[in-house]
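Biologist: I have the model open and would like to go through it with you. Could we begin with the ligand and then move outwards?

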Amino acid sequence: MSERDLLMIPGPIELEPTVLEALGRKTLSHLDPNFIETFGKLLEQLREVFGAPDCTPMVVAGGGTLAMEIAAANVIDSSDNVLVYNTGYFSDRMARIAERLGARVDHVRGALGEAPSLDALDASLAAKRYKAVTMTHVDTSTGVLAPVRQIAARAKKAGCLTIVDAVCSAGGEELHQASWQIDVALAASQKALGAPPGLAIALFSAAALEARKAKKVAPASLYLDIEEWLPILAAYEARKPSYFSTPPVNLISALATSTELLLAEGMSARVARHRWLSHAFRAAWQALGLASFSVDPAATAHTLSALCYPAGVDASLVTAIRDEGVVVAGGLHPDAKTKYFRVGHMGSTRPGDVLTTVGALERALARVGYLGFERGTGLTAADKVLGGQLPHA
Ligand SMILES: *Cc1c(COP(=O)(O)O)cnc(C)c1O
């Protein structure tokens, strides 16, 4: 294991050097004018990243799971009906969070590795009145990309609030919170947003803030309550000092550096780059005879690949790839954990990383005795896509 090994898991990811630099700078007071400027600007930039000009972004120390709790705790009351459009492990987690809040949870499910049909969603929405519909934009356990725009449109039509777990999509997949009618979009710093782990992010629409105000009981956790944070967030945006709980100064600076890079690249160019690199990977997987765990290519993520082990190959492949200098992840969904592995390709990923990863995979496959491919075919297939034009969004 060397620090030069390439980190290709679905978060945390390889960081841009300037993002890392921000982490190592002197820790300023959370009331320092320079930090206030950084945090204030970050909040403004998050609105751009999420396509959410009128939403209220909340950023606190914590993981993506905390962001899920923040979203749920602020709009869901005990005994509310909640519908989960379920695409895997993280959809199940959202259901558990809603259940902890006392909600009655139903699921719309498809087969594992498939997005549930919109007809099934329509049937559920017609059968019962739901307070909220939750969905996972990219479920990192299956690689399924949910049709968020269509789901949210149907949910809003049925009078529901919409909650989108965008932890593995924000900054990599097309996402427009406002025009897609998303009430709470939630994310974390360590995936396609390109910063170290440690920050939970949630953006609330006006309807979501109203739902919080209308709650019968305030969230049990003070730290998670958007109402507690509203004056603080407003103060930072007005570039004024304020305090509720000490923000993780260096992490905030690192994320602010990353969002600046994101916006300099441009959101649509960034989404196009993720598509392009993922298509190079897909060409390689196909050439090597590896099947995607996510069944429908049109409903498959561009931020990671979930790949079935070919016949005769098991999880020792992950170790063999690591021995070749690339770190990938094993399976995550409890029903199929040992049957597939995952390659993250988001944020700072560049064409050279695709070739490094495919090369390591080829050598590892040969080492574990897989004979279903000819050496070099994966690399050639990926390189062919990389040599083509960058596709338009
Ligand atoms: C990673 C991830 C989470 C959880 O984030 P943590 O920071 O590990 O708590 C939630 N949802 C999705 C879709 C994720 O990919």
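Modeller: This is a predicted model, and a good place to begin is Gly64, where a backbone N or O atom lies 2.7 Å from an oxygen atom of the ligand.

Biologist: And how far is the polar side-chain atom of Thr65 from an oxygen atom of the ligand?

Modeller: That polar side-chain atom of Thr65 is 2.6 Å from a ligand oxygen. For Lys191, an N or O atom in the side chain likewise lies 2.6 Å from an oxygen atom of the ligand. On its own the ligand has 380 Å² of accessible area, and the protein covers 85% of it.

Biologist: Which of the residues around the ligand come nearest?

Modeller: There are 13 residues around the ligand, and those that come nearest are Gly64, Thr65, Thr140, Asp165 and Lys191.

Biologist: How does that shell split by class?

Modeller: The shell around the ligand is made up of 5 nonpolar, 6 polar and 2 charged residues.

Biologist: Which helix gives the most to it?

Modeller: That is helix H3, spanning residues 64-75, which contributes 3 residues to the shell around the ligand.

Biologist: Switching to the interior, which residues touch the most other members of the largest nonpolar core?

Modeller: The largest nonpolar core has 81 residues, and within it Phe50, Ile163, Leu186, Ile201 and Phe204 touch the most other members. Helix H2, residues 33-50, supplies the largest share of this core, with 8 residues. As a general background, nonpolar side chains in soluble globular proteins tend to be buried together.

Biologist: What is Phe50 in contact with, leaving aside its neighbours within four places in sequence?

Modeller: With those neighbours set aside, Phe50 is in contact with Ala170, Leu175, His176, Gln177, Ala185, Ala187, Ile201 and Leu203. Apart from the core that includes Phe50 there lies another core, of 31 residues, with Trp285, Tyr309, Val318 and Val328 among them.

Biologist: Let me ask about a helix position, then. Is Ala254 buried or exposed?

Modeller: Ala254, which lies in helix H9, counts as buried because its relative accessibility is 0%, under the 20% cut-off. Not counting neighbours within four places in sequence, Ala254 is in contact with Val19, Ala22, Leu23, Ala195 and Pro196. As for Pro196, it is 58 residues from Ala254 along the chain, and the two C-alpha atoms are separated by 7.5 Å.

Biologist: Now some backbone geometry. Which peptide bond is cis?

Modeller: The peptide bond from Gly11 to Pro12 is cis, with omega near -5°. Pro12 sits in the loop between strand S1 (6-7) and helix H1 (17-24).

Biologist: What about phi at Gln181?

Modeller: Gln181 has a positive phi of about 60°, although the residue is not a glycine. Its place is the loop between strand S8 (161-165) and strand S9 (184-188). With 37% relative accessibility, Gln181 counts as partly exposed.

Biologist: And where is Arg239?

Modeller: Arg239 is in the loop between helix H8 (226-237) and helix H9 (249-265). Phi of Arg239 is near 60°, again a positive value in a residue other than glycine, and Arg239 counts as partly exposed at 29% relative accessibility.

Biologist: Moving on to other loops, how accessible is Ala298?

Modeller: Ala298 lies in the loop between helix H10 (267-288) and strand S11 (304-308), and Ala298 counts as exposed because its relative accessibility is 68%, over the 50% cut-off. Arg149 is 149 residues from Ala298 along the chain, with 14 Å between their C-alpha atoms.

Biologist: What does Gly102 touch, not counting residues up to four places away in sequence?

Modeller: On that basis Gly102 touches Ser78 and Ser79. Gly102 is in the loop between helix H4 (89-100) and strand S4 (104-109), and at 34% relative accessibility Gly102 counts as partly exposed. Between Gly102 and Lys384 there are 52 Å in space, C-alpha to C-alpha, for a sequence separation of 282 residues.

Biologist: Last one for today: where is Gly376 found?

Modeller: Gly376 is in the loop between helix H12 (351-367) and helix H13 (377-386), and Gly376 counts as partly exposed at 22% relative accessibility. From Gly376 to Arg363 the C-alpha to C-alpha distance is 9.5 Å, and the two are 13 residues apart in sequence.

How values were computed. Residues are numbered from 1 along each chain as its sequence is written. This is a predicted model: local features need pLDDT of at least 70, side-chain atom pairs count only at pLDDT 80 or more; totals for chains, interfaces and linings use all residues. Side-chain values use heavy atoms; hydrogens and water are left out. A residue is near a molecule or strand if one of its heavy atoms lies within 4 Å of it. A polar contact is a pair of N or O atoms within 3.5 Å; within protein, one must be able to donate a hydrogen and the other to accept it, and residues adjacent in sequence count only if both atoms are side-chain atoms. Accessible areas come from the Shrake-Rupley method with a 1.4 Å probe; for residues, only the protein chains shown count as cover. Helices (H or I, at least four residues) and strands (E, at least two) are DSSP runs, numbered from the N terminus. Ala, Val, Leu, Ile, Met, Phe, Trp, Tyr, Cys and Pro count as nonpolar, Asp, Glu, Lys and Arg as charged, and the others, Gly among them, as polar. A nonpolar core is a set of buried Ala, Val, Leu, Ile, Met, Phe, Trp, Tyr and Cys residues joined through side-chain atoms within 4.5 Å. Buried means under 20% relative accessible area, exposed over 50%, partly exposed in between (1.4 Å probe, protein chains only). Contact means heavy atoms within 4.5 Å.
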